[in-house]
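Please look through the sequence and the model below before reading on. The report that follows takes up backbone angles, salt bridges, the nonpolar core and the chain as a whole.

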Amino acid sequence: MLRSNENITVLQALALAEGLTRTSMKSQARIIRTDQNTNKRIEIPVDLGKILASKAPDPLLQPKDIIFVPDSSVKSAFYRGADAVVSTATGVAIYRW
């Protein structure tokens, strides 16, 4: 749990969350921030790939900010398919022995 006066960056928050998944869309990440004056949500695009490669600054988060990193349905489908192929190949190899 963070203290209310503690400042952290996007990368520090990701480290606390134990990193990204293999299907995370690093270039589509967003900081979701609520404007305290209007109470409207603001989405700030963040390219985590560039931040991780030190090609973009690591933004400082404000209290109550949310980091949203969507999953790629294409990557998810690819990994599910690859897992199925490995499982099938393993089953065939065991059956033939």
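Asn39 is found in the loop between β1 and β2, in a model that is predicted. The phi angle of Asn39 is near 65°, which is a positive value in a residue other than glycine. With a relative accessibility of 63%, Asn39 counts as exposed, because exposed residues are those over 50%.

Lys64 can be read alongside this residue, since Lys64 also has a positive phi, of about 70°, although it is not a glycine. Lys64 belongs to the loop between α2 and β3, and with a relative accessible area of 80% Lys64 is exposed. Most residues other than glycine have a negative phi.

The loop between α2 and β3 also holds Asp65, which brings in the salt bridges. How many salt bridges does the count come to? The count comes to 2 salt bridges, and the table sets out both pairs with the N to O distance and the place of each partner.

| Pair | N to O distance | Place of the partners | Separation in sequence |
|---|---|---|---|
| Arg30 and Glu43 | 3.5 Å | strand β1 and strand β2 (residues 41-46) | 13 residues |
| Arg33 and Asp65 | 2.6 Å | strand β1 and the loop between α2 and β3 (66-68) | 32 residues |

In the salt bridge between the side chains of Arg30 and Glu43, the pair links distant parts of the chain, with Arg30 in strand β1 and Glu43 in strand β2. Arg30 is partly exposed, at a relative accessible area of 24%, whereas Glu43 is exposed, at 53%.

The salt bridge between Arg33 and Asp65 likewise links distant parts of the chain, running from strand β1 to the loop between α2 and β3. Are the partners in this salt bridge buried or exposed? Arg33 has a relative accessibility of 15% and counts as buried, and Asp65, at 15% relative accessibility, counts as buried too, because the cut-off for a buried residue is under 20% relative accessible area.

Turning to the nonpolar part of the model, the largest nonpolar core has 11 residues, namely Ile8, Val10, Ala13, Leu14, Ala29, Ile31, Val46, Leu48, Ile51, Leu61 and Val69. At least two residues of this core come from each of α1 (10-16), β1 (29-34) and α2 (48-52). Among the contributors, α1 gives the most to this core, with 3 residues.

Ala29, one of the core residues, shows how parts of the chain that are separated in sequence come together. When its neighbours within four places in sequence are left aside, Ala29 is in contact with Ile44, Pro45, Val46, Leu48, Phe68, Val69 and Pro70. Of these partners, Val46, Leu48 and Val69 are themselves listed in the largest nonpolar core.

For the chain as a whole, the model has 3 helices and 3 strands, which follow the pattern α-β-β-α-β-α when read along the sequence. The protein chain has 97 residues, and buried residues make up 21% of them. Among contacts between residues at least 6 apart in sequence, 61% join residues at least 24 apart. The protein chain exposes about 7700 Å², and carbon and sulfur atoms supply 56% of this area.

Definitions and conventions: Residues are numbered from 1 along each chain as its sequence is written. Side-chain values use heavy atoms; hydrogens and water are left out. A nonpolar core is a set of buried Ala, Val, Leu, Ile, Met, Phe, Trp, Tyr and Cys residues joined through side-chain atoms within 4.5 Å. Buried means under 20% relative accessible area, exposed over 50%, partly exposed in between (1.4 Å probe, protein chains only). Helices (H or I, at least four residues) and strands (E, at least two) are DSSP runs, numbered from the N terminus. Contact means heavy atoms within 4.5 Å. A salt bridge is a side-chain nitrogen of Lys or Arg within 4 Å of a carboxyl oxygen of Asp or Glu. Accessible areas come from the Shrake-Rupley method with a 1.4 Å probe; for residues, only the protein chains shown count as cover.
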